[in-house]
Each structure stands twice: as C-alpha cells, then as structure tokens.
Amino acid sequence: MKHVICPVCGNICIKYGNNKSGSQRWICKKCNERIGEPMQYDNSFKQEAIELSDEIGVRKATEQLGIPYYTLADW
C-alpha cells in the first residue's frame, strides 16, 4: 500500500477521492490538509537541486526549479 506523508505535520494521509483530472487526492487525519498526488523526483534531479541550494540558497533554488520549499528542505 502506498503511504503519503502530510507536508504540513508529517502524519500519514488517507485517500480522499480524485481531482478533476482523475488523480488521487489525499487528506491528513491529523491536520485535515488536503493534497494531490505527490510528485516523484529522480535522484539526479534531487542531487542537482541540493547542489543549487548550496550555491544560491534553498528559497531561491525552489523558485528557480519550481518545486515547493518544504520538498527541497526535506532532501
């Protein structure tokens, strides 16, 4: 079974229907945060993002790469 972790509180989310495009939605039972299908990033992209954040900072790197701040901060 696939486990999705809440980006807000870190709790495990449960299935919560589908969005208009048919992708699975999830809801956190602890904080009620609703999220869409989590993005999957390959290891080479993660490594490039980490190196970029070391050079210019996490906030600027996330803006340049178009990924959420908490995603890069967790790597």
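In this predicted model, Cys6 is buried, with a relative accessible area of 3%. That value falls under the 20% limit, which means that Cys6 meets the criterion for burial. The residue lies in the loop between strand S1 (4–5) and strand S2 (12–18). Leaving aside residues up to four places away in sequence, Cys6 touches Asn11, Cys13, Cys28, Cys31 and Glu33. Leu52, by contrast, is 46 residues from Cys6 in sequence and 25 Å from Cys6 in space, C-alpha to C-alpha.

Cys6 also belongs to the largest nonpolar core, whose six residues are Val4, Cys6, Cys13, Trp26, Cys28 and Ile35. In soluble globular proteins, nonpolar side chains tend to be buried together. A second, separate core has five residues, among them Leu52, Ala61, Ile67 and Leu72. Within the largest core, Cys13 is worth a visit too. With residues up to four places away in sequence again left out, Cys13 touches Val4, Ile5, Cys6, Trp26, Ile27, Cys28 and Ile35.

Asn32 offers a backbone detail to look up in the structure. This residue has a positive phi of about 65°, although it is not a glycine. Asn32 is found in the loop between strand S3 (24–28) and strand S4 (34–35). Its relative accessibility of 47% lies between the limits of 20% and 50%, so Asn32 counts as partly exposed.

Turning to the aromatic side chains, a search of the whole structure finds one aromatic pair. The ring centres of Phe45 and Trp75 are 6.3 Å apart and the planes stand at 90°, so the arrangement is edge-to-face. The distance is within the 6.5 Å cut-off for a pair and the angle is over the 60 degrees required for that class, which is why both conditions are met. This pair links distant parts of the chain: Phe45 is in helix H1 (residues 43–56), while Trp75 is in the segment after helix H3 (69–74), 30 residues apart. Phe45 counts as partly exposed, at 22% relative accessibility. Trp75 likewise counts as partly exposed, at 30%.

One further ring takes part in an arrangement with a charge. The charged end of Arg59 sits over the ring of Tyr69, at 4.1 Å from the ring centre.

Technical notes. Residues are numbered from 1 along each chain as its sequence is written. This is a predicted model: local features need pLDDT of at least 70, side-chain atom pairs count only at pLDDT 80 or more; totals for chains, interfaces and linings use all residues. Side-chain values use heavy atoms; hydrogens and water are left out. Rings of Phe, Tyr and Trp (its six-membered ring) pair if their centres lie within 6.5 Å; planes under 30 degrees apart count as stacked, over 60 as edge-to-face and the rest as tilted. Helices (H or I, at least four residues) and strands (E, at least two) are DSSP runs, numbered from the N terminus. Buried means under 20% relative accessible area, exposed over 50%, partly exposed in between (1.4 Å probe, protein chains only). A charge sits over a ring if NZ of Lys or CZ of Arg is within 6 Å of the ring centre and within 35 degrees of the ring normal. Contact means heavy atoms within 4.5 Å. A nonpolar core is a set of buried Ala, Val, Leu, Ile, Met, Phe, Trp, Tyr and Cys residues joined through side-chain atoms within 4.5 Å.
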